[in-house]
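Visitor: Could you take me through the pockets of this model, please? I would like a close look at what lines them.

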Amino acid sequence: MDIFKLLSICVIAAILSLVVKESKKEYGMVLSIICGIVIFAVIIDDIDIIINKISEITTSFNLPYNALKTVFKAIAISILSEISSALCKDMGENAIAVKTELVGKVSLIILGLPIVFELLNIVVSLLNT
């Protein structure tokens with residue numbers, strides 16, 4: 001779907017949410033969540049295209065798939081933690097939103113530790129030769 005259509009859906013949903021929140025706050029929240037689900041359902045096909053292109057790149061250039069897989073896991077963690085944090089903020093739960101962001105950051109550190117360890121091994125082996 002065209003990016004302008006998706007952004008239009010988001011803006012319209014935000015305006016409707018503001019209008020609805022004046023009378024029933026919980027309905028505005030439901031509308032916001034439904035908008036997120038609709039957007040995700042629409043872009044899921046684009047995610048499949050991205051995964052196929054990554055597979056093509058790894059096979060074409062003989063790149064290690066695990067390295068790219070780690071990078072895309074990091075991107076997914078970042079996106080999911082940002083979406084979760086935004087939903088918590090929309091619900092007025094700023095303290096939980098901060099903890100959601102912390103979970104994402106810690107997950108990224110854990111995901112990146114093997115790469116850091118591998119890089120340090122390479123550096124040490126280069127210095128020893």
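Guide: Happy to; here is a walk through the pockets and their linings. Please keep in mind that this is a predicted model.

Let us begin with the largest pocket, which holds about 1,200 Å³ of space. Its lining is made up of 33 residues, and F40, I43, I79, L80 and I83 are those that lie nearest the centre. Three elements each give two or more residues to this lining: α1, spanning 3–23, α2, spanning 25–60, and α3, spanning 65–90. The biggest contribution comes from α3, which supplies 15 residues. As for chemical character, 23 residues of the lining are nonpolar, while five are polar and five are charged.

Now for the second largest pocket, where the space comes to about 190 Å³. Here the lining can be named in full: N66, A67, T70 and V71, together with P114, I115, E118, L119 and I122. At least two of these residues come from α3, and at least two from α4, the helix that covers 94–128. This time α4 gives the most, with five residues. Sorted by character, the lining of the second largest pocket has six nonpolar residues, two polar ones and one charged.

If you would like one element to follow from one pocket to the other, try α3: this helix gives the most to the lining of the largest pocket, and α3 also supplies at least two residues to the lining of the second largest.

How values were computed. Residues are numbered from 1 along each chain as its sequence is written. This is a predicted model: local features need pLDDT of at least 70, side-chain atom pairs count only at pLDDT 80 or more; totals for chains, interfaces and linings use all residues. Side-chain values use heavy atoms; hydrogens and water are left out. On a 1 Å grid over the protein atoms alone, a cavity is a set of points where a 1.4 Å probe fits but cannot get out, and a pocket is an open set with protein on both sides within 12 Å along at least five of seven lines; lining residues have an atom within 4 Å of a point. Grid points are joined across faces, edges and corners, and a volume is the space filled by probe spheres set on the points. Helices (H or I, at least four residues) and strands (E, at least two) are DSSP runs, numbered from the N terminus. Ala, Val, Leu, Ile, Met, Phe, Trp, Tyr, Cys and Pro count as nonpolar, Asp, Glu, Lys and Arg as charged, and the others, Gly among them, as polar.
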